[in-house]
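Hello,

Here is the structure I promised to pass on to you. Please open it alongside this email, and I will walk you through what turned up.

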Amino acid sequence: MLRLLQQHGTLSLSGLGQFLVCESGTNPSRLVDRVVAAGPVERRTDAEDRRYVHLGLTPAGDRLATEVAGIEELLYAGMDAACEGLDTDAMLTFLHRFIDPLPSGKALTKRLDLD
């Protein structure tokens, strides 16, 4: 959630839900409630329509998201090293066939298309 908000700026609750791979459905209310309570994310009421809420990072949340980005880079470097010499095209084809039809695969595809 932190990285998505850092990459895309503010998002609505349903907009965030469309990008989350680990959540079922498109309304991650409970997850957002926990993260808001912890402090890295804040809710902002829409200035023109108070029914809509936008989610954004607090300064602490932005720092935390940057730390997460560093960890992601280490993970990706490790994955690259582990895959060295393997037929990555065949592996990617298999993974896409396996994951793409699943709800998490659809969320991941949407997320990657917008990066």
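How many residues does helix α5 have, and how far does it reach from its first C-alpha to its last? Before the answer, please keep in mind that this is a predicted model. Helix α5 covers residues 88-99, which makes 12 residues, and its end-to-end reach is 16 Å. That is close to the 16 Å expected at 1.5 Å a residue. The N-terminal end of α5 is capped by Asp 87. One of the side-chain oxygens of Asp 87 lies 3.3 Å from the backbone nitrogen of Asp 89.

Now for the chain as a whole. You will find six helices and three strands in the protein chain. Starting at the N terminus, the elements follow the order α-β-α-α-β-β-α-α-α. Along the principal axes, the C-alpha atoms fill a box of roughly 55 × 30 × 20 Å. Of the 115 residues in the protein chain, 24% are buried. The chain exposes about 8,000 Å², and 57% of that comes from carbon and sulfur atoms. Among contacts with a separation of 6 or more, 46% are between residues 24 or more positions apart.

The sheet is a good place to look next. Its three strands form an open sheet in the order β1-β3-β2, and their pairing is antiparallel. The edges are taken by β1 (11-12) and β2 (41-45), each of which has a single partner strand, so one side of each is left without a neighbour in the sheet. As general background, strands of a sheet pair through backbone hydrogen bonds, either parallel or antiparallel. Between β1 and β3 (residues 53-57), which run antiparallel, there are two bridges. If you want to find one of the residues involved, look for Ser 12, whose bridge partner in β3 is His 54. Helix α3, made of residues 29-38, lies across β2 and β3. Relative to β2, helix α3 runs at about 110 degrees.

One last residue to look up is Glu 72, which sits in helix α4 (residues 59-83). Is Glu 72 buried or exposed? Its relative accessibility is 18%, so Glu 72 counts as buried, the cut-off being under 20%. The side chain of Glu 72 also makes a polar contact with the side chain of Arg 3, at 2.9 Å.

Enjoy exploring the structure!

Best wishes

Terms used: Residues numbered from 1 in each chain as written. Predicted model: local features only at pLDDT ≥ 70, side-chain atom pairs only at ≥ 80, totals over all residues. Heavy atoms only, no water. Pairing = 2+ DSSP bridges. Helix = DSSP H or I, 4+ residues; strand = E, 2+ residues; numbered from the N terminus. Contact = heavy atoms within 4.5 Å. Axes fitted to C-alpha atoms, helices over the stretch in contact; angles between N-to-C directions. Expected span 1.5 Å × (residues − 1). Polar contact = N/O pair within 3.5 Å; in protein donor to acceptor, adjacent residues only side chain to side chain. Buried < 20%, exposed > 50% of the residue type's maximum accessible area, 1.4 Å probe, protein only. Areas by Shrake-Rupley, 256 points an atom, 1.4 Å probe, with all protein chains shown as cover.
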